[in-house]
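Colleague: I am new to this structure and should like to learn how to read it. Might we go through a few features in turn?

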Amino acid sequence: MTDSHVTRRTLLRYGAYGAGAAALAGTAASWDRLTGADIPGRDDGSLVVATLGPAYGPEAIRTLTEGFKKVHPDIRLRINAVQATDWSDFFAKILTQIAAGTAPDLVYVATEGVQLFAQRLGVALDKWVKRDAAELREYFTDVHPSLVESMMYEGSLYQLPVEFNAADMYLNSQVLKRAGAGFPAADWTRDDFTELLRDMKKSSGSQFTPYFWTNRLWGGVVPWLFANGTNLLAESKAPGGAWLWDGFYPAADRRGRGGGFRWTTPQATDARVEESYDYLASLIQEDLCTRPEGGNGQNLIGVFSTGRVGVTPAGGFWAGGLHQAGMKPGSFDVQYFPRWRTQRMQFGAAGYALLRTSKKQEEAWEFIKFAARRDTLMRLFETNQTTPARRSMLTEDRYREMGPRHWQVFYDTLDKFPDTGPIPAPPQVAEVEQVLLKHTGTALASRRSVGPALRRMQSDLEKAMEREV
């Protein structure tokens with residue numbers, strides 16, 4: 001999503017994600033950040049939904065609670081906006097609540113945690129989806145099958161996606177004009193991208209950075225791996241899922257679908273992975289981009305809006321962020337990620353996961369359906385803080401006042417590039433991402449550092465993937 005809202009694709013630091021003592025052990029470091037507002041407290045009979053606090057402010061909570069009450073006046077609802085700095089902090093606090101016996105019924109989970117929650121904590125939605133198929137048909141017709149497949153695990157569906165963000169390329173129009181460059185074509189290549197960065201560099205001052213990217217799982221090095229026809233972990237599809245695809249999607253849309261993604265054998269020493277890192281190292285050596293920084297990239301909005309950065313990967317969430325930063329329509333635009341061996345792109349999505357500990361599973365299912373309704377999402381995503389999962393919501397009216405001009409890119413990333421897929425997020429995602437971030441920084445210290453760093457990354461990834469979650 002993954003940087004949907006304010007903190008979509010950020011570091012997951014915790015390796016122990018089980019319930020009970022394992023959860024407490026894995027989250028002890030976050031106790032100092034836990035506040036009374038984060039604990040639901042005494043059970044008052046409400047259906048409790050946990051969301052990421054910065055993503056869901058008072059207005060969003062009011063939209064959901066008031067809207068749900070109109071549809072289901074008999075179900076008491078409490079939305080617990082957990083104040084967390086990022087997804088890792090959020091998941092840690094949820095696990096602390098589970099260990100303390102105050103677990104919510106539903107948790108808002110991004111791609112980073114889908115398989116983690118599905119394997120250890122979640123309830124498959126299959127029986128409800130089959131039961132309410134007639135009611136859900138309109139939803140699935142409006143949502144791309146790739147998003148749905150990213151919410152499946154070993155043949156079952158665990159979430160209904162309500163939003164997503166693909167790693168497209170944002171370009172500052174002022175910088176393009178200064179460089180005498182036109183807006184890139186949809187099928188622009190890696191070499192076209194490199195030449196554009198060089199033109200930007202020549203026409204700008206010493207404080208200017210042509211390409212800026214952050215060191216994280218979503219939008220970091222992974223888009224370049226996808227474009228080069230590879231991945232951090234070997235990727236395949238789980239069997240199953242025909243019950244969903246045959247029931248809701250036409251033959252053309254269900255071709256090649258399965259029961260969810262599997263990410264297995266580490267392949268950091270694959271020749272194409274090394275080639276991708278070597279390319280990024282060459283950009284750094286040529287002073288066309290900085291070494292990747294950590295964090296969620298929020299500081300980037302300021303430097304991009306003032307013309308100190310030319311190009312950066314981001315999703316539909318940035319349209320709203322740049323508008324709020326004062327950028328007018330026409331001052332920025334968006335294009336697909338450049339083509340290399342392929343033009344496959346990556347995305348992250350999010351939806352509500354039902355916990356096994358919930359004693360209100362029927363009520364929780366009603367909330368999941370309500371949260372995925374078009375009228376609900378229209379009210380919730382008015383400011384373009386993300387890309388709605390529903391195709392019908394992406395219209396010219398939505399982006400007329402905020403931009404960008406090529407807003408169609410957001411959903412066309414799925415529609416025109418059917419092999420576009422989710423970031424690699426197995427149940428061991430916490431350790432996998434730790435390893436990726438650690439060794440990416442080392443690998444890009446210089447071009448000579450790439451090979452040795454990737455060999456160390458391979459070793460650490462193998463250890464991480466061997467561990468049980």
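**Reading a helix, a sheet and a core**

Modeller: On the other side of α21 from its buried residues, Arg455 and Glu466 are exposed; exposed is over 50% relative accessible area, buried under 20% and partly exposed in between, with a 1.4 Å probe and protein chains only. This is a predicted model, in which local features need pLDDT of at least 70 and side-chain atom pairs count only at pLDDT 80 or more, while totals for chains, interfaces and linings use all residues. Residues are numbered from 1 along each chain as its sequence is written, and side-chain values use heavy atoms, with hydrogens and water left out.

Colleague: Which residues of α21 are buried?

Modeller: An α-helix has 3.6 residues a turn, so residues three or four places apart point the same way. In α21, the buried residues are Val450, Gly451, Ala453, Leu454, Met457, Gln458, Leu461, Ala464 and Met465. They lie on the same side of α21 because they cover an arc of only 145° around the axis, the arc being that of the directions from the helix axis to the C-beta atoms. Helices (H or I, at least four residues) and strands (E, at least two) are DSSP runs, numbered from the N terminus.

Colleague: What covers the buried residues of α21?

Modeller: The cover includes β9 (233-237), β10 (261-266), α13 and α20 (429-443), where contact means heavy atoms within 4.5 Å.

Colleague: In what order do the strands of the open sheet stand?

Modeller: Strands of a sheet pair through backbone hydrogen bonds, either parallel or antiparallel. Here the open sheet of four strands has the order β8-β11-β7-β12, with mixed pairing; two strands pair if DSSP finds at least two bridges between them. β8 (209-211) and β12 (332-335) are at the edges with a single partner strand each, so one side of each has no neighbour in the sheet. Strand β7 (residues 168-172) and β12 run antiparallel, joined by four bridges, and Tyr170 stands opposite Val334 in β12.

Colleague: Which residues have the most contacts inside the largest nonpolar core?

Modeller: A nonpolar core is a set of buried Ala, Val, Leu, Ile, Met, Phe, Trp, Tyr and Cys residues joined through side-chain atoms within 4.5 Å. The largest has 148 residues, and those with the most contacts inside it include Phe140, Tyr170 and Phe193. Helix α13 (residues 271-285) gives the most to this core, with seven residues. Leaving aside residues up to four places away in sequence, Phe193 touches Met169, Trp188, Tyr211, Trp224, Tyr279, Leu283, Val311 and Pro338.
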